[in-house]
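This briefing sets out the main structural points of one protein chain for a reader at the bench. The sequence and the structure are shown first, and the points follow by topic.

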Amino acid sequence: MNGAASPAIVVAIEIADTALVDRLASLLSGVTGIRLAAPGEEATVALVSRDRPTVTEPAEVDLTPRERDVLLLLAEGASNKAIARRLGISVHTAKFHVGSLLDKLDATGRTDAVTHAARLGVINL
């Protein structure tokens, strides 16, 4: 490698709930390597919800207190290493909790878990 920086992941947010858009934009603005798409700009990733989907997920997600702590740190964009350090646990244990959250929230990744949790009212962004 020649030391050149990797191109940023460009994220487009198109959600009817403007408060949620503002919160997601605020969260993503502090993440290195991610930038929000300008209007009309092609994005690498798009968060889209034009219509309110029928909620098929359970209204109540049974999370342990530790999983809630980890979820809040995920919402801040913390890495597994940062989660471990902040909670005084091993990185392996942090990874375990993140994996458990992904399963319980039926999420495909960390951002998806935070989005699901916010939509379900498990956390407030």
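**Helix 1 and overall architecture**

Arginine 23 has a relative accessible area of 31% and is therefore partly exposed. This residue lies in helix 1, which spans residues 18-29. Its C-alpha atom is 9.2 Å from that of asparagine 124, although 101 residues separate arginine 23 from asparagine 124 along the chain. The model is a predicted one.

- The chain contains five helices and three strands.
- In sequence order, these elements follow the pattern β-α-β-β-α-α-α-α.
- The chain has 125 residues, of which 31% are buried.
- Among contacts in the chain with a separation of 6 or more, 61% are accounted for by residues 24 or more positions apart.

**Strand 1**

- Alanine 12 belongs to strand 1, which covers residues 9-15.
- With a relative accessible area of 23%, alanine 12 is partly exposed, because the range for this class begins where the buried class, under 20%, ends.
- Alanine 12 and alanine 43 are 31 residues apart along the chain, and their C-alpha atoms are separated by 5.7 Å.

**The largest nonpolar core**

- The largest nonpolar core comprises 25 residues.
- Within this core, the residues with the most contacts are Leu71, Ile83, Leu105, Val122 and Ile123.
- Two or more core residues come from each of helix 2 (65-75), helix 3 (80-87), helix 4 (91-104) and helix 5 (110-120).
- One of the residues named above, valine 122, is situated in the segment after helix 5.
- Is valine 122 buried or exposed? Its relative accessibility is 18%, so valine 122 counts as buried.
- Apart from neighbours within four places in sequence, valine 122 is in contact with Val61, Leu63, Arg68, Leu71 and Ala117.
- For one of these partners, arginine 68, the C-alpha to C-alpha distance from valine 122 is 8.4 Å, with the two positions 54 residues apart in sequence numbering.

**Packing of helix 2 against helix 3 and helix 4**

Two packed helices are described by the angle between their axes and by the distance between those axes.

- The axes of helix 2 and helix 3 come within 10 Å and cross at roughly 130°.
- That angle makes helix 2 oblique to helix 3.
- The crossing of helix 2 past helix 3 is right-handed.
- On the helix 2 side, this contact is formed by Arg66, Asp69, Val70, Leu73 and Leu74, and on the helix 3 side by Ile83, Arg86 and Leu87.
- Five residues of the contact between helix 2 and helix 3 are nonpolar, none is polar and three are charged.
- How are helix 2 and helix 4 oriented to each other? They pack at an angle of about 90°, with axes 10 Å apart, and are therefore roughly perpendicular to each other.
- Helix 2 supplies Arg66, Glu67, Val70, Leu71 and Leu74 to its contact with helix 4, while helix 4 supplies His97, Val98, Ser100, Leu101 and Lys104.
- The contact between helix 2 and helix 4 has five nonpolar, two polar and three charged residues.

**Buried residues of helix 3 and helix 5**

- Asn80, Ala82, Ile83, Ala84 and Leu87 are the buried residues listed for helix 3.
- Helix 2, helix 4 and helix 5 are among the elements that cover the buried residues of helix 3.
- In helix 5, the buried residues are Ala113, Val114, His116, Ala117, Ala118 and Leu120.
- The cover over the buried residues of helix 5 includes helix 2 and helix 4.

**Positive phi values**

- Glycine 88, just after helix 3, has a positive phi of about 70°.
- Glycine 121, just after helix 5, has a positive phi of about 80°.
- Aspartate 106 has a phi near 50°, a positive value in a residue other than glycine.
- Where is aspartate 106 found? Aspartate 106 is in the loop between helix 4 and helix 5.
- Aspartate 106 counts as exposed, because its relative accessibility is 61% and the exposed class lies over 50%.

Notes
Residues are numbered from 1 along each chain as its sequence is written. This is a predicted model: local features need pLDDT of at least 70, side-chain atom pairs count only at pLDDT 80 or more; totals for chains, interfaces and linings use all residues. Side-chain values use heavy atoms; hydrogens and water are left out. A nonpolar core is a set of buried Ala, Val, Leu, Ile, Met, Phe, Trp, Tyr and Cys residues joined through side-chain atoms within 4.5 Å. Buried means under 20% relative accessible area, exposed over 50%, partly exposed in between (1.4 Å probe, protein chains only). Helices (H or I, at least four residues) and strands (E, at least two) are DSSP runs, numbered from the N terminus. Axes are lines fitted to C-alpha atoms, for helices over the stretch in contact, and angles run from 0 to 180 degrees between N-to-C directions. Angles under 35 degrees count as roughly parallel, over 145 as roughly antiparallel, 65 to 115 as roughly perpendicular and the rest as oblique. A crossing is left-handed if the near helix is turned anticlockwise from the far one by less than a right angle, and right-handed if clockwise. Contact means heavy atoms within 4.5 Å. Ala, Val, Leu, Ile, Met, Phe, Trp, Tyr, Cys and Pro count as nonpolar, Asp, Glu, Lys and Arg as charged, and the others, Gly among them, as polar.
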